[in-house]
Structure formats: C-alpha cells, structure tokens
Amino acid sequence: MTGNPYNPLSADQHLDHATPVKEALRSVSAWQDQGQENRSTACARGNAMIAQITSPHRVTHCLKRTGPRGSGQWTQVPFEQVIEEICEGGDLFGEGPVEGLRAINDYETPIDPNNPEYGPKTNQLLVMEATDYGRSALLKRFVFNAFGTRNYGHHGSYCGLAFRMGSGAVMNDMKKYAHTKPDFASATFGLFIGTAPSQAGNPFKRQGRLIAEARARGNLDYVVVDPALNASVTKSAGASSNWVPVRPGTDTALAMALIRWLLENDGYAADFLALPSGKAAKAAGEVGHTNATHLVIVEDGHARQGHFLRRSDLGQAEAGADDDAAMVMADDGLVSSDAAGKASLFVSARVDFPDGATVAVKSSLALLLESAQERSLADYAAECGIPEARIVDIAERFKAAGRRAVSDSHGGMMSSTGFYATFGVQMLNLLAGSINHTGGSAQGGGSFNGMGKGPRYDLKTFPGMRKPKGLFLSRSGFPYEKSSEYKRKVAAGENPYPATAPWRSLAPPTLTEHLSSALDGYPYPIKALIGCMANPIYGQAGLHTLIEEKLADPKKLGLYVAVDGFINETNLYADYIVPDSVMYEVWGFTGAWSGNLTKMTTACWPVVEPRQQKTEGGQPVSMETFFIATAKQLGLTGFGAEAIPAADGTLLPLESAEDFFLRAGANIAYLGDRLPDASEEDVALSGLDLLLPKIEAVLPEEERGAVAYLYSRGGRFQPYKAAHDGENLGNPWKRTLCVYNEDVGTAIDSQTGQRHRGVPQFRQAELADGSPMREVYSEDDWPLLAFSYKSNLMNPYAIGLERLRMIKPYNPILMHRDDAARLGISHGDTIRIESPGGTVTGLALVGDGVMRGCLGIEHGFGHRELGAGTHVIDGQERPGNEWIGAGVNLNDLGFADPTRRVAGTWLEPISGASVRQGLPVRVSRAMA
C-alpha cells in the first residue's frame with residue numbers, strides 16, 4: 001500500500017488534481033524511478049489497521065447486556081429491536097423501568113425551573129465521540145438539531161485541549177481555538193516544546209517526513225524540549241545536543257524565560273509589532289498584525305479593568321460600534337488604532353476619562369514584559385530544570401533566525417499549567433513576527449467544507465431543526481456570574497466563590513467534566529448516554545476509579561448505548577452495543593491539521609464491504625444507520641424522506657449514509673470552480689466501479705462526473721504552489737493576533753474569584769481551589785513526576801493489531817539511572833509505581849534518556865479491553881488476548897482532585913483539560 005500522490009499529507013510535492021490517474025500511479029511506481037523522486041507514503045499504522053476488519057475481537061452484531069453492567073455478559077439482538085427498546089424504554093433488563101429517548105425528548109420543559117439556564121429536558125441526553133473519520137457532521141445533525149440536546153463531548157479535553165486553547169488565545173479565536181504549525185520546509189530554527197515531529201504530532205507522517213528532509217538539506221537548526229529523549233532528536237548528548245530535558249508541567253517557566261530574554265535583548269520584530277491595525281499592516285506590505293500596541297485598562301477596581309481602552313471610553317464612539325477601535329499611543333499622542341501607521345510598543349500612562357477620572361493604562365507588550373520580569377532567568381531555570389546558559393543559547397538562536405524562527409507545542413501541554421504554557425510558547429512566534437511568514441508559523445490552508453450550506457445541497461439546516469439551548473454539563477462557555485447559583489448567593493449576602501464545582505467560561509464543552517458531573521447530578525443529572533467510539537475511562541487520567549461504580553449503576557444512569565466496532569474500557573458498561581464500520585469501510589470527509597499549508601479535504605468511501613450485520617432494509621449497521629433509524633423512530637426532523645434541502649428548494653431523503661456523504665461530495669466538487677468530469681480511464685484505474693452505482697442512485701446526472709472525479713483523486717486539494725506567496729504564506733490568518741487576549745483577561749476563575757491574566761505568565765502546578773499541588777502532595781512523599789508521551793507506532797485503538805504488537809509488545813517505563821540507583825532499581829526490574837490515585841507495575845528501562853526525577857510512560861498500552869477482556873455472548877465464552885493488555889497506562893495513575901466538592905479528576909483550570917503531564921508518584925522495586 002502506498003500513499004495518495006494527490007494528497008499533501010502523503011506526498012512531498014503533491015500532484016495537481018488535473019494530473020490523470022494513470023500518471024499519478026506512475027509517479028509512485030518504479031517506472032523511471034519516479035516513486036523515489038517524490039515519494040508518496042502511507043504510515044505503518046494505517047497499513048496495519050486493515051486487520052481491524054477481520055479481528056476476532058470485533059463486534060459485528062448488536063449486543064444487549066444480560067447481566068449487570070460491566071459483567072461482560074451479552075446476547076445478540078436484531079438492530080430493529082435495539083432501536084425500539086432504546087427509544088420507547090420499559091423494563092428492558094428486569095431491573096425496573098428505563099426511560100427511553102422518547103420520554104427524554106422534551107424540548108420545552110425545563111430541567112429545573114429554579115435554574116432556567118440549565119435548559120430543556122432534552123439536555124439529559126449526553127452524546128460523546130472520540131475517533132472521527134470525517135463523519136461527525138451527521139452525528140451532530142442528530143444531536144444538536146434533530147434531538148436538540150446541548151450535551152456533546154469529544155476526546156479533545158483529554159487529548160490536546162490545553163494546547164488548543166492556549167493557541168486560540170494568541171490567534172484571537174476563543175471559539176474554535178485555531179492553532180499553528182511550522183512551515184518546516186522553509187524554517188531555519190525550530191523550537192519544539194511538548195511536541196516531537198518525528199515521534200508524534202499532527203499530521204504525524206507529514207511532519208516527520210518534512211523534518212527529515214530539512215535535516216538532510218541542512219537548512220533547519222532545531223531544539224527539542226522534552227522530558228524524554230524522542231525520535232526527533234539527532235544528537236542526544238554533548239555540546240551540540242539538540243535535546244533539552246525539562247521537568248514535566250514546568251513549561252511556563254521556560255516560555256517566560258525566553259520571552260524575558262527576547263524582550264530585553266531586542267529579540268523581537270519591533271517594526272511588525274508596532275503595526276496596530278490591518279490597514280497599517282497592508283500599507284507596510286504585511287499580511288497580519290498584532291495588538292501589541294493596544295492599550296489595556298489596568299486601573300484596579302475600575303468597571304472596565306482588563307478591557308482594551310476604546311474610543312467609546314473617551315466618548316468618541318458608541319460602545320460596540322464598528323468604529324469603536326482600541327486606542328494606542330503614537331507620535332502625536334493618544335489615537336485610534338485604525339488611524340495610526342505605527343504606535344508605541346511599551347506604554348504605561350494615565351488617561352483622562354470624560355467623567356473626570358484619570359485611569360491607568362498599559363500597552364499589551366508592556367504587560368507581557370511586566371509578566372516576564374516577575375522572576376529572574378535563574379528562577380525560571382531552577383523551576384524547569386534547564387540550565388540558565390542553555391536557555392540563553394536557545395533564545396540567541398531563536399533571535400538569530402528572525403522571521404524564520406518558529407516555536408511549536410502540542411500534547412505535552414496537557415499539564416496543570418498547559419493553557420499558559422501554550423500561550424507563552426506560541427507568543428514566541430508573535431515576537432519573531434513569524435506567523436503568516438514563509439518559514440514561520442502557519443495556520444494552514446483549511447478544508448473544502450461540503451457539509452454546510454453548499455452550492456448544491458444545504459447539509460447544515462433543514463425545516464423544523466432545533467437549536468441547542470441551555471447549559472453544558474461541563475459548565476463551559478457560560479460565566480458563573482450569570483448563573484442562578486451565583487445570584488442566589490449574592491442575594492443572601494454570601495461570598496459567591498467558590499462555585500459548587502468549576503465553571504469555565506472560556507472552554508468548549510469538555511468530556512472531562514461531562515461524565516463525572518452528570519453522574520453526581522451537578523449541575524443536573526442525565527438520563528441517557530450515547531457513545532460513539534468513545535473511551536474516556538481509558539483516555540482520561542484518573543477517571544476509571546472516579547466513575548466506574550457510578551457508571552455501572554442503572555440508578556445513576558438509566559440508559560447507555562454504545563456505537564463501536566469493539567468493546568472498550570468504557571462501553572464495557574453499556575446496555576447495548578451497536579456495531580460500527582472500521583477504517584476502509586466508512587464514508588467521510590476529513591481535513592488536515594495546521595501542518596498542511598494548502599487547503600485540502602480527503603474523501604473516504606467503503607472500499608470494502610462492511611462485515612457487520614445488516615438492517616432489514618439491507619444497510620450495514622453503523623453509526624449512520626443508528627442515528628437515522630433512531631431519528632425516524634422518534635419522528636425527528638432532518639432525517640427520513642424529506643430531510644435535505646437541494647439548491648432548488650426540493651427536499652431530498654436522508655435514509656442512508658450515502659444520501660448524506662455523496663451530496664456533501666457534490667458540494668465539494670462544486671465549490672468555486674466545478675471539478676471536471678472523471679474520464680473512463682480515471683474511474684477504472686482508481687477502482688470506482690463499486691462506487692458508481694451508488695453515485696448514480698443518489699445524485700442527478702449533471703453532478704455524477706464531478707463527484708467521480710473527486711473520489712478518483714481521493715479528495716480535493718489546493719495546488720502545491722498555493723502554499724506560499726513570496727515571503728508570506730499563501731493562506732494567511734486574518735484576525736488580529738493577541739499579545740494580550742481581552743477574553744482571557746476579563747474572565748474570572750469560579751473557584752478563586754480572581755481574574756485570569758490576559759498575557760502569558762509563570763504558573764506552578766495547582767489544584768482546583770488554587771492550592772499548589774506540592775503543598776498537598778509533597779516531594780518527600782511523592783518524589784517523582786510521571787508523564788506520558790506518544791508512541792510513533794501504537795495508539796489507543798491500534799493495540800489489537802498483531803502486526804504492530806510484534807514490533808513492540810509492551811511499553812517499558814523510562815527511568816533515569818540516578819533515580820534508579822538511589823532506589824536500588826536495575827535495568828529490566830519490575831517496578832511498582834504508586835500515585836495518589838492508583839498503582840501500576842511495569843518494566844524499568846533505565847538510562848539517560850529521561851529527565852532526572854521523572855518517569856516516562858509511552859501511551860497506547862495497558863488495556864483491560866479492546867480484546868484483552870473475556871466476554872460471554874449467547875452463552876459462549878469469548879476469551880481475551882493477554883498480550884493486548886500488556887504494558888502500563890499512565891492514566892491509571894491519575895487521581896481525583898481532593899479540593900473539589902463535586903467529584904472530578906485533576907484538570908487544568910482554564911480549559912478543563914485532563915492533567916497527565918507531571919503526576920506525583922513514588923516508585924519501588926516490585927517483589928519477585
């Protein structure tokens with residue numbers, strides 16, 4: 001199997017879509033060595049995943065539990081029976097009545113009249129998903145707009161949310177949390193903190209290939225800051241080493257040290273940062289600008305403290321109007337940012353307001369400098385464990401690279417300080433002026449979205465659609481200060497802080513809070529749970545000990561339905577498991593992460609016939625057929641006979657997956673310039689013979705050729721030459737970049753009542769109430785810090801693949817030789833690792849490839865299910881494979897935050913992301 005030469009995720013210089021399929025196939029062949037000149041590759045994991053299709057542990061038939069939840073006892077039932085029972089409810093298990101989805105589907109009655117912000121009873125359905133093959137749009141259509149629940153969550157909050165939100169703070173995007181990745185091919189210095197381009201990252205394969213090519217050319221100098229020695233490192237020791245070990249969870253110290261040095265040593269792009277508006281940037285030949293010069297009100301106690309000083313504050317405009325611009329200090333004094341060509345970077349002043357008050361203001365960059373100077377370089381070095389001289393060396397190299405210097409981070413930011421750590425790491429790109437710049441930091445090209453209001457079909461709206469309303473279970477995106485709870489406390493004369501549990505106004509809905517809060521009934525309980533390929537008990541640190549007993553109790557949760565191809569650690573507790581398609585059997589459209597500079601969308605269709613049971617109508621049972629059938633059973637709009645509006649207003653059916661995804665394909669094919677029709681040769685050589693009858697059954701004749709062309713290329717891809725526009729990137733980010741983020745700087749921590757800081761800052765590990773972690777879990781009792789790192793081979797769903805396990809059957813635990821010697825542990829010993837939340841045993845891998853005082857655990861191992869557990873189906877025992885359960889899962893060492901009143905694991909305070917970097921542990925040699 002080889003990669004797709006049209007797809008930039010697979011090919012160095014991907015082919016233009018006008019290239020015939022025949023020529024594309026030649027380009028990856030041995031013919032005239034073309035396949036070596038511009039290799040198009042497929043990763044080992046993708047090649048191995050085909051074994052999922054025939055896995056002996058795969059669920060191919062609908063299952064209903066016959067014993068207690070979690071007992072592993074099941075019986076096979078018809079798909080139609082599952083739909084009937086989960087919708088209508090009844091005494092389904094001989095344990096008493098269960099409310100079905102029909103009873104919960106009440107969009108008008110409030111959950112709690114005393115707390116109207118909670119929303120309607122439909123919110124008592126929670127839907128969660130994790131792995132996305134580009135199919136989420138149909139799931140969300142059901143969740144949000146047909147059923148109308150507010151409560152949806154995905155794996156981001158235990159994957160990389162702290163990184164995404166910290167990036168969003170810089171990108172001025174606290175809704176979708178845009179982020180950037182390096183322009184590897186053109187950068188001259190890269191600083192990788194909490195990410196490893198040849199070890200992991202997203203898109204993993206593309207990053208690894210590009211950094212290898214840059215190394216071979218010799219044009220990229222880079223440093224990898226990581227507690228563990230990883231595959232990105234080329235020299236691990238000596239004066240020229242590019243590996244810098246760091247204590248997990250201390251990245252804010254390094255980021256603030258670098259920021260301080262750069263600001264104090266002219267290591268920033270002053271001319272770029274002085275541009276206060278898009279107008280000024282355009283005049284200067286730039287494609288972006290920052291708010292470095294914008295003035296912030298810092299007067300303590302002022303009603304607008306933390307907000308930008310705007311024209312409306314001075315009586316020059318209406319508040320919120322289009323011309324209510326931020327103010328800056330320029331050569332001719334205080335002026336609107338829109339009126340200045342350049343403005344002062346470091347400002348601390350007092351401004352006269354129309355009411356006679358004199359108010360203190362500071363520029364954004366001055367606030368950043370003030371934050372960085374709160375500690376010395378020596379203090380920062382002592383905190384993170386990196387020598388001061390090494391920090392200065394990194395800063396000097398970063399400065400020397402100018403606008404081709406780039407910093408990057410990712411999943412390593414999942415620590416208790418991860419939001420501000422990422423904010424600081426990404427701030428380095430603003431100081432360098434490298435965002436939107438060739439060789440700098442790129443937001444990426446984005447995707448061709450066919451699932452919105454497209455040129456051929458409206459897949460976003462439909463007659464009778466609902467809009468979700470009310471409060472998320474995770475209390476995200478809603479200020480605590482607007483809640484009924486807060487208002488009642490204030491009315492009673494009480495201190496409203498802390499809230500009963502954390503509210504996070506800046507965060508998206510977070511699965512890390514959804515489940516534990518719902519099972520405890522705060523803010524309100526749920527009555528039904530649907531999970532699609534979701535496994536938070538495995539993925540979230542400390543969750544298994546916190547909720548397993550509650551999840552197993554039908555009195556805590558009335559109904560749990562899982563849609564999955566496998567039984568995992570979470571859906572083990574389901575009442576029903578509906579089989580799903582696996583890779584190579586699915587429909588979908590996927591984009592790319594920001595590592596890709598050009599616009600692209602990959603098209604997926606079932607290239608092999610799905611092996612799971614069929615519905616009575618002959619459709620394979622899957623996530624799509626499940627939601628379609630459930631919606632039809634409940635009589636919901638947006639599914640069934642008249643569901644999808646065409647461009648001419650005709651309502652078309654949504655009865656199958658292809659009804660939705662082929663019409664999305666038509667939208668993509670018609671975006672901008674219509675794609676040409678596929679030739680007969682293209683169709684034959686790309687293997688579309690099985691797809692054509694479906695295209696013909698769903699789409700009108702005028703759309704078929706363009707959609708076939710789309711699938712023959714494996715998607716739609718912007719030309720390679722569009723990646724750059726001279727010294728600028730071809731797909732630049734247009735919003736004002738934030739040195740100071742006003743949304744962050746005016747938000748309040750619901751536990752402490754303190755305002756968050758709008759610029760990066762140094763933070764130490766804290767628990768929910770603000771207590772330093774080390775005051776609760778002292779270094780004397782818990783001397784080491786455990787962290788996880790991504791495998792370059794395995795992922796949580798790949799453990800069942802024997803081909804990968806033959807390469808690496810388990811994950812030994814990284815331990816520094818000095819720590820091992822102190823504890824009497826030798827290389828290869830079995831060790832016992834204990835945390836405040838759990839204990840695991842594993843094999844010690846002793847050496848110098850890990851930071852002193854730390855333990856490194858490779859993620860993806862240590863399963864109890866996915867084929868490791870034994871189950872009984874229709875009285876027949878299905879034994880598990882003990883090798884699937886080999887190794888250690890770091891998340892088993894996670895723990896409940898002891899400072900919370902409503903049970904919850906240790907979470908990052910602003911994002912609600914799971915903390916898995918820097919868990920306090922102790923280690924001993926296990927007894928033989």
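**Stop 1: Arg674 and Asp677**

Select Arg674 and Asp677 in this predicted model. The two residues form a salt bridge, and their closest N and O atoms are 3.0 Å apart. Arg674 is partly exposed, at 35% relative accessibility. Asp677 is likewise partly exposed, with a relative accessible area of 48%. Side chains of opposite charge can pair when their charged atoms come close. The structure holds 49 salt bridges in total, and the next stops visit further examples.

**Stop 2: Lys614 and Glu609**

Next, select Lys614 together with Glu609. This pair also forms a salt bridge, the closest N and O atoms lying 3.6 Å apart. Lys614 is partly exposed, with a relative accessible area of 34%. Glu609, at 54% relative accessibility, counts as exposed, because the cut-off for that class is over 50%.

**Stop 3: Lys808 and Glu858**

Move to Lys808 and Glu858, a salt bridge whose closest N and O atoms are 2.4 Å apart. Which parts of the chain does this pair link? Lys808 sits in the loop between helix H27 (802-805) and strand S27 (813-816), while Glu858 belongs to strand S30 (residues 854-858); the two are 50 residues apart, and the pair links distant parts of the chain. Lys808 is partly exposed, with 27% relative accessible area, whereas Glu858 is buried, at 2%.

Now select Arg65, Arg69, Glu95 and Asp575 as a group. Salt bridges that share partners join these four residues into one network.

**Stop 4: Helix H4**

Select residues 79-88, which make up helix H4. Which residues of this helix are buried? They are Phe79, Val82, Ile83, Glu85, Ile86 and Cys87. To see what covers them, add the surrounding elements to the selection: strand S1 (63-65), helix H5 (101-104), strand S17 (559-563), strand S18 (576-578) and helix H20 (623-634) are included in the cover. Gly89 follows H4 and has a positive phi, near 70°.

**Stop 5: The second largest pocket**

Select Arg247, Thr250, Glu383, Arg774 and Leu785. Of the 22 residues lining the second largest pocket, these are the closest to its centre. The volume of this pocket is about 430 Å³. How is its lining divided by class? Eight residues are nonpolar, eight are polar and six are charged.

**Stop 6: The cavities**

The model contains four cavities of 30 Å³ or more. For the largest, which has a volume of about 140 Å³, select Trp503, Arg504, Asp749, His756 and Pro909. These residues are the closest to its centre among the 15 that line it. The lining of the largest cavity comprises nine nonpolar, four polar and two charged residues.

For the second largest cavity, select Ala51, Gln52, Ser55, Phe566, Tyr797, Ala798, Ile799, Gly800, Leu801 and Leu866, which form its lining. About 80 Å³ of space lies within the second largest cavity. How many charged residues does its lining have? There are none; the lining consists of seven nonpolar and three polar residues.

**Stop 7: Tyr158**

Select Tyr158, in the loop between strand S4 (152-153) and helix H7 (161-171). Is Tyr158 buried or exposed? At 10% relative accessibility, Tyr158 counts as buried, because the cut-off for burial is under 20%.

Its surroundings can be displayed next. Leaving aside residues up to four places away in sequence, Tyr158 touches Ala130, Met414, Leu511, Thr512, Asn535, Pro536, Gly539, Gln540, Ser914 and Arg916. Then select Ile530: Tyr158 and Ile530 are 372 residues apart in sequence, and their C-alpha atoms are 18 Å apart in space.

**Stop 8: The whole chain**

Finally, clear the selection and view the entire protein chain. The chain has 28 helices and 33 strands. Along its principal axes, the C-alpha trace spans about 75 × 65 × 60 Å. The radius of gyration is 28 Å, which agrees with the value near 30 Å for a compact globule of 928 residues. Of those 928 residues, 60% count as buried. Among contacts between residues at least 6 apart in sequence, 72% join residues at least 24 apart.

How values were computed. Residues are numbered from 1 along each chain as its sequence is written. Side-chain values use heavy atoms; hydrogens and water are left out. A salt bridge is a side-chain nitrogen of Lys or Arg within 4 Å of a carboxyl oxygen of Asp or Glu. Buried means under 20% relative accessible area, exposed over 50%, partly exposed in between (1.4 Å probe, protein chains only). Helices (H or I, at least four residues) and strands (E, at least two) are DSSP runs, numbered from the N terminus. On a 1 Å grid over the protein atoms alone, a cavity is a set of points where a 1.4 Å probe fits but cannot get out, and a pocket is an open set with protein on both sides within 12 Å along at least five of seven lines; lining residues have an atom within 4 Å of a point. Grid points are joined across faces, edges and corners, and a volume is the space filled by probe spheres set on the points. Ala, Val, Leu, Ile, Met, Phe, Trp, Tyr, Cys and Pro count as nonpolar, Asp, Glu, Lys and Arg as charged, and the others, Gly among them, as polar. Contact means heavy atoms within 4.5 Å. The radius of gyration is taken over C-alpha atoms; the globule rule is 2.2 Å times the number of residues to the power 0.38.
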